[in-house]
Number of protein chains: 2
Amino acid sequence: MVMQSQALGYYICSFLWLVIISLIVSTSSSLNIPRLSATRGARIAQALSTYDSFELETFYYTQTLDHFNFRYDSFATFQQRYLINFKHWGGSNTSAPIFAYLGAEESLDRELSFHGFLPDNAKQFQALQIYIEHRYYGKSIPFGSRETAFKNARTLGYFNSAQALADCAEILIHVKKKLHAEHSPIIVVGGSYGGMLASWFRLKYPHVALGALASSAPILYFDEIVSRKNGYYSIISRDFQETSESCYQTIKKSWSEIEEIASKPNGLSVLSKKFHTCSPLGSSSELEDHLEFMYIGAAQYDAPPTYPVTEICGAIDGVSSKDTLAKIFAGLVAYEGKKSCYVNDYQPGSESLETVQGWAWQICSEMVMPIGNGNNNTMLPPAPFDLKQYIAECKAEYGVPPRPHWVTTYYGGHDIRLALHRFASNIIFSNGLRDPYSGGGVLHDISDTVLAVTTTKGSHCLDLLRANHTTDPAWLVNQRKTEVRIIKGWMLKYYADLQAFK
Amino acid sequence: MVMQSQALGYYICSFLWLVIISLIVSTSSSLNIPRLSATRGARIAQALSTYDSFELETFYYTQTLDHFNFRYDSFATFQQRYLINFKHWGGSNTSAPIFAYLGAEESLDRELSFHGFLPDNAKQFQALQIYIEHRYYGKSIPFGSRETAFKNARTLGYFNSAQALADCAEILIHVKKKLHAEHSPIIVVGGSYGGMLASWFRLKYPHVALGALASSAPILYFDEIVSRKNGYYSIISRDFQETSESCYQTIKKSWSEIEEIASKPNGLSVLSKKFHTCSPLGSSSELEDHLEFMYIGAAQYDAPPTYPVTEICGAIDGVSSKDTLAKIFAGLVAYEGKKSCYVNDYQPGSESLETVQGWAWQICSEMVMPIGNGNNNTMLPPAPFDLKQYIAECKAEYGVPPRPHWVTTYYGGHDIRLALHRFASNIIFSNGLRDPYSGGGVLHDISDTVLAVTTTKGSHCLDLLRANHTTDPAWLVNQRKTEVRIIKGWMLKYYADLQAFK
């Protein structure tokens, strides 16, 4: 059942699968938030990106390992990396703003390859850009080495979002002090898990950040906040069905055909040949998982200019024969490009291994998102989410049970409009509605300043991920313009308050 | 220099002095927040209190020891006590409100003896009353025993405000779920350190608490937020000076007279006789500290109907001779009542020992309030705050340094109006301006719903501490009425939102 693909995102999904294959049978994607930088969309973004990473200066901050415990161990601190681009900053004299990108579940080196919002907008805001690496990733590893840090739950225990947010608070306060920029407003920016961090940071540290741009942050995908029926798998299916009804029907019926062939004598050989696998299939699920991750990735990152769902469906519908699996293979070739072989050509990279290992811990401790496919009206195989099993198998893996209610205890989420309509301010929740994670996103305005900015045609983190490009469709250009306009509004009010209250 | 007094508050101050006498030379009161339940005012309140504690039911919650670390130890949980009074609750059908009293640095048994706001107002709000004991106090002790829990920084490390707030969140969510009261709005209430907790709880857990009544919460008494010149000692001096200029001048010059006598041969015997000490004075500071704590306590709890500052000054001014120390002794007798002897009659009680030990850890870890008397225009002896010494000696005591900037990092405080004017809602900061801690309080409205309710004549926690009584002065009655009116306003908006958003 190990997944293989040349697309980076699949590596990650595959690795998660690999790491916790023993944990959750038949609920592959309940175990991860596919990374923003992790798929086809990101590859495109990388190609489009125009900013120059050489203008970043690297710093290290002596970070507190445990912000919420006052005992003192030999590893009480660690070196945390952050980068600054000073080029466009208007300076402390004018209290020019600071954009802070909150790194998520990967090395900052990789994060930097896949974003556009900060470098695209720093100039017009005269903003300082800070990029903060998340603890336990990249070069921000406690306990002296990755090996020790990832040894067991005892060393991994400090690896969670509340500690990470406190890290950001310390670094941002430190930087403002060093730059004598006490009144420079900070806008925190992040996508996916990083988007959750950004919105939570504004909620928990309003005295540090003036506002947050939280792109594709599924902060409502915890506990039972959103109905599972409108979840991740349903949105993927809708994406394909809206693109092509016949494509959707073809995919939907393909699973039973694969199973039927696989169940026959020599069936796996037939499938291996039909799909040009790099090595003989060991099981039908090896193929099925690969295809499922392809559809997931295509939907989650269904981005212009190529729109992978359209590409896949174009190929599937383009096969004139009635051979369902020939159509499916055509979709695979369209998505992955012409190669000498397919499906099981997977080779892990060291950086993605880091993300896989890190995120595996995070989802087995606090980031418990009950993503499953329990209803049968999707085009994908059923994969119900089973919390009991999830807990038991995380415990078996790490020796500790996850805390599935902690995120809603600490950050909230239930009745979010009721809770925040008269509290909080200055958060943008941006979502592309073709992104399956939008099912756990904030899609409606909560108040005049806690706003949902959605695009019908958008996918995962599209507004952040990609640098502005002349080929961007109007709806994406407008989404980014709307976000900039909103942030400028926050700034205006802030500077007026600064005048009034000082 | 060990202090002695019959007033409970002095026991606590004395104990703090005892515990950390080696830590901070000449800055006694920089090391504690005198307890609300800890002095003369509280004794009066106890006498006036009319509610019946028998209507409280006791519960225990299996609490997470470390909310911010996902490792799992043998002592991963502990039993935390909370009490509920169901009598007046309107029930879940009407989403009737919940008043939650956040226990502070003492056993809940003691807290309950000294409050009035909840029982006084539960009926008119049809409110459930919950009283939550703070971890490491009373019967809410981790690690199986107080002895183990207080052994060293390793076991004490979990003893801090962020963990305590998360405790409250877990318990309140648990109780609402058990009672099917998901939409019952919660108002958290607390005084002094408990008032800080209440306001911070609303800021950090707006999804759990609709609002907070934070009485005499010196949340701005951290870092360099407020100028030290307007601090604790200046307000005490102002209280006395406003009551009587001659009284103020008498106290001001008394210290040098005590020193002058003490420096003479047999001087301590003379002082011992003059002040009717229970045993011969070992040093002049033994007397000076006792007197200083008396003035501090009198000012902090300068409450009706007797107003201890007025009592003391009445006695001081009432001595017709020019003998300064005879005047001072008369003040002592007026404050403590007629006794066979004075000054060094101190006997600790086991419960106050708990508070003393607990608070000693809290101020040597996160609750670092730079309260000192560095300027010479007060009536009290100079006692400058020395952060370096404070840190060094806390470290010597516990093996860990305090984190003096953590409170402002996590909770904010600098430029509070700028930070919260357009963020947060529904917090009452109530202060009596005769309370020396009001120097670190929020004394001006931050927004339309983050409000300061002050009384010129009020002292520490007077609105919460005492049950309503027919002898209450109009300004105190009005303060409480204002608070009730504001909370009713929050409720009205909440129930309208509940209708609109469900």
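**Figure 1. The contact between chain B and chain A, in which 55 residues of chain B touch 54 residues of chain A.** This view, like those that follow, is drawn from a predicted model. Of the area that chain B and chain A bury between them, about 5100 Å², carbon and sulfur atoms give 60%. On the side of chain B, the residues that lose the most area to chain A are Phe70(B), Leu418(B) and Phe423(B), which together account for 17% of what that side buries.

**Figure 2. Polar and charged links between chain B and chain A, where the count is 2 salt bridges.** A salt bridge is formed by Asp497(A) with Arg422(B), and the closest N and O atoms of this pair are 2.7 Å apart. Between the two chains there are also 24 residue pairs in polar contact, counted where both residues have a pLDDT of 80 or more. The elements of chain B that give two or more residues to the side touching chain A are helix H6 (153-156), helix H7 (161-178), helix H8 (193-204), helix H17 (406-411), helix H18 (416-420) and helix H20 (474-501). With 6 residues, H7(B) gives the most to this side of chain B. Sorted by character, the residues of the side of chain B that touches chain A divide into 26 nonpolar, 15 polar and 14 charged.

**Figure 3. Aromatic pairs in chain B, shown as examples from the 60 aromatic pairs counted over all chains.** Phe59(B) and Phe86(B) form an edge-to-face pair, with 6.3 Å from centre to centre and 75 degrees between the planes. This pair links distant parts of the chain, since Phe59(B) belongs to strand S1 (residues 57-64) of chain B, while Phe86(B) sits 27 residues apart from it in the loop between strand S2 (77-85) and strand S3 (98-102) of chain B. Phe59(B) is partly exposed, with a relative accessible area of 25%, and Phe86(B), at 29% relative accessibility, also counts as partly exposed. The pair of Phe201(B) and Tyr205(B) is stacked because the ring centres are 4.9 Å apart and the planes lie at 20 degrees. Both Phe201(B) and Tyr205(B) are buried.

**Figure 4. The surroundings of Ile428(A), a residue of strand S7 (residues 427-432) of chain A.** Ile428(A) has a relative accessible area of 0%, and therefore it counts as buried. When neighbours within four places in sequence are left aside, the residues in contact with Ile428(A) are Ala212(A), Leu213(A), Ala214(A), Leu451(A), Val453(A), Glu483(A), Ile486(A), Ile487(A) and Trp490(A). For a sense of scale in the chain, the C-alpha atoms of Ile428(A) and Phe275(A), which are 153 residues apart along the chain, are separated by 44 Å.

**Figure 5. Thr324(A) in helix H14 (residues 324-336) of chain A.** Thr324(A) counts as buried, at 3% relative accessibility. The side chains of Thr324(A) and Glu257(A) are joined by a polar contact of 3.0 Å. Beyond neighbours within four places in sequence, Thr324(A) is in contact with Thr250(A), Lys253(A) and Ser254(A), as well as with Glu257(A). As background to this view, the secondary structure of chain A comes to 20 helices and 8 strands, and buried residues make up 65% of its 502 residues. Among the contacts in chain A between residues at least 6 apart in sequence, 75% join residues at least 24 apart.

**Figure 6. Backbone details, beginning with the cis peptide bond from Pro304(A) to Pro305(A), whose omega is near 5 degrees.** Most residues other than glycine have a negative phi, and most peptide bonds are trans. Pro305(A) is found in the loop between helix H12 (284-300) and helix H13 (308-318) of chain A. In chain B, a cis peptide bond joins Pro304(B) and Pro305(B), with omega about 5 degrees, and Pro305(B) is found in the loop between helix H12 (284-300) and helix H13 (308-318) of that chain. Tyr136(A), a residue other than glycine, has a positive phi, near 75 degrees; Tyr136(A) lies in the loop between strand S4 (128-132) and helix H5 (146-149) of chain A and is buried, with a relative accessible area of 0%. A positive phi, near 70 degrees, is found for Ala424(A), which has its place in the loop between helix H18 (416-420) and S7 of chain A and counts as buried at 10% relative accessibility.

Note on methods: Residues numbered from 1 in each chain as written. Chains lettered and ligands numbered in written order. Heavy atoms only, no water. Contact = heavy atoms within 4.5 Å. Buried area = accessible area lost by both parts, 1.4 Å probe. Salt bridge = Lys/Arg side-chain N within 4 Å of Asp/Glu carboxyl O. Polar contact = N/O pair within 3.5 Å; in protein donor to acceptor, adjacent residues only side chain to side chain. Helix = DSSP H or I, 4+ residues; strand = E, 2+ residues; numbered from the N terminus. Nonpolar A, V, L, I, M, F, W, Y, C, P; charged D, E, K, R; others polar. Phe/Tyr/Trp six-rings, centres within 6.5 Å; stacked < 30°, edge-to-face > 60°. Buried < 20%, exposed > 50% of the residue type's maximum accessible area, 1.4 Å probe, protein only.
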